[in-house]
Amino acid sequence: MAQEIERYLRTGDSEPYRSAWSGGFLQREERAHDDLRNALVREIRRLTAGLSQQPLPEPDTVSLARAKVAPMVRGLFPKVEQYLVLAMLERSVIFVTGANIESLLLECSFDGSAWTLANLYVASVGAELLGKTAPHLVGLSEETTC
């Protein structure tokens, strides 16, 4: 298990059958998910200790999200649809901060996405990325969340 966790922390790759963990398939999946995410959270804490991000320009993140996406929505959608699209998008945009990174990582559905999100966060505070292949991103979208 320790080797699989270390490999995941450095590459974002995880073995789909979870063969390093014991039990039936669902038990292995649950244990591996918990172990990988908890190790990722610990590593993020270690890498970002004493570092912080620039504060958001506005504490109301819903209003901030709306302000950021409104020009795009106005340019792409007819006026009658703009309100609904903006309402959906303002709930779908999440700003990754030190206050929410741990819960975002623990709730993330996919191992690779959690690793990529962790790298996005550590880069935002100027910390060392988790691995040499980690992408340099300013954002990430998965399912209906950006």
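**Exercise 1. Locate Thr11 and describe its surroundings**.

Solution. Thr11 has its place in helix H1, where helices (H or I, at least four residues) and strands (E, at least two) are DSSP runs numbered from the N terminus. The model is predicted: local features need pLDDT of at least 70, side-chain atom pairs count only at pLDDT 80 or more, and totals for chains, interfaces and linings use all residues. Residues are numbered from 1 along each chain as its sequence is written, and side-chain values use heavy atoms, with hydrogens and water left out.

Step 1: the relative accessible area of Thr11 is 30%. Buried means under 20%, exposed over 50%, and partly exposed in between (1.4 Å probe, protein chains only). Thr11 is therefore partly exposed.

Step 2: a contact requires heavy atoms within 4.5 Å. Leaving aside neighbours within four places in sequence, Thr11 is in contact with Trp115 and Thr133.

Step 3: Arg46 is 35 residues from Thr11 along the chain, and their C-alpha atoms are separated by 17 Å.

**Exercise 2. Determine whether Gln3 is buried or exposed**.

Solution. Gln3 also lies in helix H1. Its relative accessible area is 71%, so Gln3 is exposed. The C-alpha atoms of Gln3 and Ala20, 17 residues apart along the chain, are separated by 8.8 Å.

**Exercise 3. Compare the span of helix H2 with its expected value, and identify its buried residues**.

Solution. Step 1: the expected span of a helix is 1.5 Å times one less than its number of residues. Helix H2 (residues 25-48) has 24 residues and should therefore span 34 Å; its end C-alpha atoms are 34 Å apart, which agrees.

Step 2: the buried residues of H2 include Arg28, Ala32, His33, Leu36, Leu40, Ile44, Leu47 and Thr48. An α-helix has 3.6 residues a turn, so residues three or four places apart point the same way.

Step 3: the cover over the buried residues of H2 includes helix H1 (2-11), helix H5 (101-107) and helix H6 (111-124).

Step 4: Thr48, found in helix H2, has 11% relative accessibility and so counts as buried. Residues up to four places away in sequence aside, Thr48 touches Tyr121, Val122, Val125 and Ala127.

Step 5: Gly50 follows H2 and has a positive phi, near 80 degrees.

**Exercise 4. Treat helix H4 in the manner of H2**.

Solution. Helix H4 (residues 79-92) has 14 residues; from its first C-alpha to its last it reaches 20 Å, close to the 20 Å expected at 1.5 Å a residue. Gln82, Val85, Leu86, Ala87, Leu89, Glu90 and Ser92 are buried in H4. Helix H3 is included in what covers them.

**Exercise 5. Summarise the chain and the confidence of its prediction**.

Solution. Step 1: the chain contains six helices and zero strands, in the order α-α-α-α-α-α from the N terminus on. Along the principal axes, its C-alpha atoms fill a box of roughly 55 × 35 × 25 Å.

Step 2: of the 146 residues, 38% count as buried. Among contacts between residues at least 6 apart in sequence, 56% join residues at least 24 apart.

Step 3: pLDDT is the predictor's confidence in each residue, from 0 to 100. Its average over the chain is 94, and 100% of the residues score at least 70. Among the elements, helix H3 (residues 61-76) has the lowest mean pLDDT (90), and H1 has the highest (98).
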